[in-house]
Amino acid sequence: MAEQKTFYPADEFDNPLPAPVGVHRGRKSLPVRMIPYVITAVSAMILAFLAWVWMAGGLPGTKKDAKSAAPSSSQAASSDSSAQSDSAASSSSESSSASASESAASPSAAPSSSSPASSPSSSAPAALNRAAAVKVYNATGISGLAAAKAKILADSGYTSVTTGNADSTMSSTAVVQYGTAANEAAAKEIGSLLGISSVSLSNSAGDSIVVVIYQ
């Protein structure tokens, strides 16, 4: 059976405008063709980075670094406290050893300082010299007062006693003066015998004991 053909009226598509055929299928440029590859590579890198962050437990310098910093600071504090305790212990041991050495050294030092027989000649008083020359001067208007005081000294054992009248160069108060340390004990005894409290060392007395009588 013969096929029947259908005829349609001509329209605008039967006579298209002149234009290149297959333009939409032309060869694309290299940058355009590389875009899918670039997107795929960047996505793979992002995914790999996220996987590494997940496996590492966080970004560097955040959680793990903070956790690691905390033990290090606590270790530093503990080391400082241990160093302080060690220094305190060493200082206490040094002080205890120093006190022990001082206490050990004190018994040997005490006897040497308190030894009574170390220098008997230096601490012993001078011998009483009643043979010293004693000069009794009368600085009052009472006649015979110097002689009376000289007799008291002679009766007490003094063997070289002379008398005289005081002049203006002598002391204006009752006094016993001695010129050498050998006559110190005798001068003090003479002051006690004559009731004179002022006993002093004077270079003007020389080798004698000078007694000035005032009433």
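In this predicted model, the largest pocket holds about 160 Å³ of space. Its lining is made up of K135, Y137, M170, S171, Q177, S204, A205, S208, V210 and V212, and the elements that contribute two or more residues to that lining are β1 and β5.

One of the lining residues, S208, sits in the loop between β4 (199–201) and β5. Is S208 buried or exposed? Since buried means under 20% relative accessible area, S208 counts as buried because its relative accessibility is 11%. When its neighbours within four places in sequence are left aside, S208 is in contact with A133, K135, Q177, Y178, G179 and N183.

**The chain as a whole**

The protein chain has five helices and five strands, and from the N terminus on these elements follow the order α-α-α-β-α-β-β-α-β-β. Of the 215 residues in the chain, 14% are buried. Among the contacts with a separation of 6 or more, 70% are between residues 24 or more positions apart. The accessible surface of the chain comes to about 15,900 Å², and carbon and sulfur atoms account for 61% of that surface.

**Two helices with a buried face**

The helices α4 and α5 can be described in the same terms, and the table sets out some of their features.

| Helix | Buried residues | Arc of the buried residues | Residue that follows, with its phi |
|---|---|---|---|
| α4 (145–155) | L145, A146, A150, L153 | within 135 degrees | G157, positive, near 110 degrees |
| α5 (184–194) | A186, A187, I190, G191, L194 | within 140 degrees | G195, positive, near 75 degrees |

Why do the buried residues of α4 line one face of the helix? The buried residues of α4 are L145, A146, A150 and L153. Seen down the axis of α4, these residues fall within an arc of 135 degrees, so they line one face. A general rule helps in reading such a pattern: an α-helix has 3.6 residues a turn, so residues three or four places apart point the same way. On the face of α4 that is turned away from the buried side, the exposed residues K151 and D155 are found. The buried residues of α4 pack against β1 (134–138), β2 (161–165), α5 (184–194) and β5 (209–213).

In α5, the buried residues are A186, A187, I190, G191 and L194. Viewed down the axis of α5, they lie within an arc of 140 degrees, so they too line one face of their helix. The cover over the buried residues of α5 includes β1, α4, β3, β4 and β5.

**The nonpolar cores**

Which residues of the largest nonpolar core touch the most other members? This core has 17 residues, and the ones that touch the most other members are V134, I190, I209 and V211. At least two residues of this core come from each of β1, α4, β3 (175–178), α5 and β5, while α5 gives the most, with four residues.

V211 shows in more detail what such a residue touches: when residues up to four places away in sequence are not counted, V211 touches V134, K135, V136, Y137, V175, V176, I190, L194 and I196. Apart from the largest core lies another core, of five residues, which include Y137, V175, V210 and V212. Among these, Y137, V210 and V212 also belong to the lining of the largest pocket.

Notes: Residues are numbered from 1 along each chain as its sequence is written. This is a predicted model: local features need pLDDT of at least 70, side-chain atom pairs count only at pLDDT 80 or more; totals for chains, interfaces and linings use all residues. Side-chain values use heavy atoms; hydrogens and water are left out. Buried means under 20% relative accessible area, exposed over 50%, partly exposed in between (1.4 Å probe, protein chains only). The arc is that of the directions from the helix axis to the C-beta atoms. Contact means heavy atoms within 4.5 Å. A nonpolar core is a set of buried Ala, Val, Leu, Ile, Met, Phe, Trp, Tyr and Cys residues joined through side-chain atoms within 4.5 Å. Accessible areas come from the Shrake-Rupley method with a 1.4 Å probe; for residues, only the protein chains shown count as cover. On a 1 Å grid over the protein atoms alone, a cavity is a set of points where a 1.4 Å probe fits but cannot get out, and a pocket is an open set with protein on both sides within 12 Å along at least five of seven lines; lining residues have an atom within 4 Å of a point. Grid points are joined across faces, edges and corners, and a volume is the space filled by probe spheres set on the points.
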